[in-house]
Amino acid sequence: MSTDLTFTDDGVDVVYEGTEFELEKDLIEEATGKGYRDVTDHEVLQIVAEEPDLDGEPVRIGDVL
């Protein structure tokens, strides 16, 4: 099952194993120790899933927004 991430200025909308929720910007910054725009999609996946499928190169949230 896949994990879908949608990045916004306020955080990340996540659909994980059929469950939808939002990871707030502050929570992501606290979990990674980085500014929100410097966090990568791979780092967000590691917060959400125990063993995420990290395909491709990581992309910074700042580059997506």
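Strands β1 (residues 3–7) and β2 pair in the antiparallel sense, with 5 bridges between them, in what is a predicted model. Strand β2 (residues 11–16) is also joined, again antiparallel, to strand β3 (residues 19–24), here through 6 bridges. Beyond the strands, the structure holds 3 salt bridges, and Asp38, Arg60 and Asp63 belong to one network of salt bridges with shared partners. Asp41, by contrast, is buried and has no salt bridge.

**Strand pairing and hairpins**

- A hairpin of 3 residues leads from β1 to β2. Within this antiparallel pair, Thr3 has Tyr16 of β2 as its bridge partner.
- Thr6 is another residue of strand β1. Its relative accessible area is 45%, so Thr6 is classed as partly exposed.
- Between β2 and β3, Val14 has Phe21 as its bridge partner in β3. Asp13 is matched in β3 with Glu22.
- The hairpin of β2 and β3 has 2 residues between the strands, and Glu17 adopts a positive phi there.

**Backbone geometry at Glu17**

- Glu17 is situated in the loop between β2 and β3. The phi angle of Glu17 is near 50 degrees, a positive value in a residue that is not glycine.
- Most residues other than glycine have a negative phi.

**Salt bridges**

- Lys34 and Glu43 form a salt bridge in which the closest N and O atoms are 2.8 Å apart. Lys34 has a relative accessibility of 33% and therefore counts as partly exposed.
- Arg60 and Asp38 are linked through their side chains by a salt bridge, with an N to O distance of 3.1 Å. Arg60 lies in the loop between α2 (41–48) and α3 (61–64), and Asp38 in the loop between α1 (25–32) and α2, so this pair ties together parts that are 22 residues apart in sequence.
- Both ends of that pair are partly exposed: Arg60 has a relative accessible area of 32%, and Asp38 has a relative accessibility of 41%.
- Arg60 also meets Asp63 in a salt bridge, at 2.9 Å from N to O. Asp63 has a relative accessibility of 56% and therefore counts as exposed.
- Through these shared partners, Asp38, Arg60 and Asp63 are joined into one network.

**A buried acidic residue**

- Which helix contains Asp41? Asp41 is found in helix α2.
- Although Asp41 is buried, no salt bridge is formed by this residue. Lys34, the nearest side chain of opposite charge, is 10 Å away from Asp41.
- What does the side chain of Asp41 reach? The Asp41 side chain comes to 2.8 Å from the backbone nitrogen of Val59.

**Nonpolar surface patch**

- Val59, whose backbone nitrogen is reached by Asp41, also belongs to a nonpolar patch on the surface with Val64 and Leu65. Together these three residues present about 210 Å² of accessible area.
- Leu65 is located in the segment after α3. With 36% relative accessibility, Leu65 is classed as partly exposed.

**Separations in sequence and in space**

- Ala49 is placed in the loop between α2 and α3. Its relative accessible area of 11% is under the 20% limit, so Ala49 is buried.
- Ala49 and Glu17 are 32 residues apart along the chain, and their C-alpha atoms are separated by 9.7 Å. In this pair, the loop between α2 and α3 contributes Ala49, whereas the loop between β2 and β3 contributes Glu17.
- Thr6 and Arg60 are 54 residues apart in sequence, with a C-alpha to C-alpha distance of 13 Å. Thr6 belongs to strand β1, while Arg60 lies in the loop between α2 and α3.

Technical notes: Residues numbered from 1 in each chain as written. Predicted model: local features only at pLDDT ≥ 70, side-chain atom pairs only at ≥ 80, totals over all residues. Heavy atoms only, no water. Pairing = 2+ DSSP bridges. Helix = DSSP H or I, 4+ residues; strand = E, 2+ residues; numbered from the N terminus. Salt bridge = Lys/Arg side-chain N within 4 Å of Asp/Glu carboxyl O. Buried < 20%, exposed > 50% of the residue type's maximum accessible area, 1.4 Å probe, protein only. Patch = residues over 30% accessible without salt bridge, like charges linked within 9 Å, V, L, I, M, F, W, Y side chains within 5 Å. Areas by Shrake-Rupley, 256 points an atom, 1.4 Å probe, with all protein chains shown as cover. Lys, Arg positive; Asp, Glu negative; His and termini not counted. Polar contact = N/O pair within 3.5 Å; in protein donor to acceptor, adjacent residues only side chain to side chain.
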